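User: I am new to this structure and would like a close look at a single part of it. Could you walk me through the salt bridges, and then show me the nonpolar packing as well?

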Amino acid sequence: MSSEVRRAAEILGRGGLVAFPTETVYGLGADASSGKAMARLYAVKGRPADHPVIVHFASALEAFKWGEATNEAKALAGRFWPGPLTMILRRSEKAKDFVTGGQPSVGVRVPSHPVARELLETFGKPIAAPSANRFGRVSPTTAAHVREDLGADVDLVLEGGPSEVGIESTIVDLSSGAAVLLRPGKISKYELQGLVELRQAESSPRHSGGMERHYAPKTPARLVPTHELDKEISKLKARAAVLAFSRPDERVDFWLRMPRDPAAYAQKLYAALRELDGGGCDAILIEAPPADSGWEAVLDRLRKATAA
């Protein structure tokens, strides 16, 4: 066990906040069983009190003490845990209102990142961990991003390198009896459909990433179809930044070129948005990725990041 992880576990035990790496994005961790610690987490995030957080566990066995272990939940856990999948399950008495936003369900996940796993095993209790940034803003994928966003409001930031996936976990709701995909992620609906029958939601619980505007840079951003990008650039009158697949255009002040592979794009997305946001421009234009299979998770994040 590393001394930093031991120190992090001690801080969590005192009701403190620890940012730590996961395979998706960096999380802002607090003791999920402590109302006082959770109140501080919500205050630092600026998160609405009725907006639930995802609780992280060292194992499926521990996770199913907090949420109902249906056959579908067991099947998904067996296939995708540890990994970037969150399940929303009917909660047990262990999951309190200050974690669930007062709902009868709880979001649970078993992460795969070695630092996250070491922390969970050392702490010995579940850790509630939304993304380690101010609510609604671009999620952090490095320890440096966390420090830029939260500064002294977090007691310790554990290093773990750049996040491997780069976007938040896939969320599947099983709390109503039917399996509903609430948030796309690295684990696609096609992979899920091999294990569960996904249905359309008539209504869904409040969940992470469920707000219409989320993952947003401070600079106003717009999603532009490929065939309209040149026209939109020609109409620019202010300093602009562009995130696109093609090579830089000399008419644009700040241009970042993105990979054409959806997994590689996802891994770079939030770091790219942060870089463009810090460029001192008045607007960000983002070339829309193709509406093809494999791009669902990236398109979800970009649509919310550019929502009015």
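Analyst: Happy to help; we will start with the charged pairs and then turn to the nonpolar cores.

Please keep in mind that this is a predicted model. Searching the whole structure turns up 20 salt bridges, and a few of them make a good introduction.

Let us begin with arginine 134, whose salt-bridge partner is aspartate 153, with 2.9 Å between the closest N and O atoms. This pair ties together distant parts of the chain, 19 residues apart. Arginine 134 sits in the loop between strand 6 (127-128) and helix 7 (143-150), while aspartate 153 belongs to the loop between helix 7 and strand 7 (156-157). How accessible are the two partners? Arginine 134 is partly exposed because its relative accessibility is 29%, and aspartate 153, with a relative accessible area of 33%, is partly exposed too.

A second pair joins arginine 251 to aspartate 230, where the closest N and O atoms are 2.6 Å apart. Here again distant parts of the chain are linked, this time 21 residues apart. Arginine 251 lies in the loop between strand 11 (240-244) and strand 12 (254-257), and aspartate 230 is in helix 9 (residues 226-234). With a relative accessible area of 40%, arginine 251 counts as partly exposed.

The next pair sits within one helix. Lysine 304 and aspartate 300 form a salt bridge at 3.7 Å, N to O. They are four residues apart in helix 11 (residues 296-305), so about one helical turn separates them. Lysine 304 and aspartate 300 are both buried. Through shared partners, salt bridges connect Glu168, Asp300, Arg301 and Lys304 in one network.

Now for the nonpolar side. In soluble globular proteins, nonpolar side chains tend to be buried together. In this model, the largest nonpolar core contains 44 residues, and Leu76, Trp81, Leu85, Met87 and Leu192 have the most contacts inside it. At least two residues of this core come from each of several elements, including strand 2 (27-31), helix 4 (71-80), strand 4 (85-90) and helix 7. Helix 2 contributes the most, with five residues.

For a closer view, take leucine 76: beyond its neighbours within four places in sequence, leucine 76 touches residues including Trp81, Leu85, Met87, Val172 and Leu192. Apart from this core there is another one, of 26 residues, with Val165, Ala272, Val298 and Leu302 among them.

Methods
Residues numbered from 1 in each chain as written. Predicted model: local features only at pLDDT ≥ 70, side-chain atom pairs only at ≥ 80, totals over all residues. Heavy atoms only, no water. Salt bridge = Lys/Arg side-chain N within 4 Å of Asp/Glu carboxyl O. Buried < 20%, exposed > 50% of the residue type's maximum accessible area, 1.4 Å probe, protein only. Core = buried A, V, L, I, M, F, W, Y, C linked by side-chain atoms within 4.5 Å. Contact = heavy atoms within 4.5 Å.
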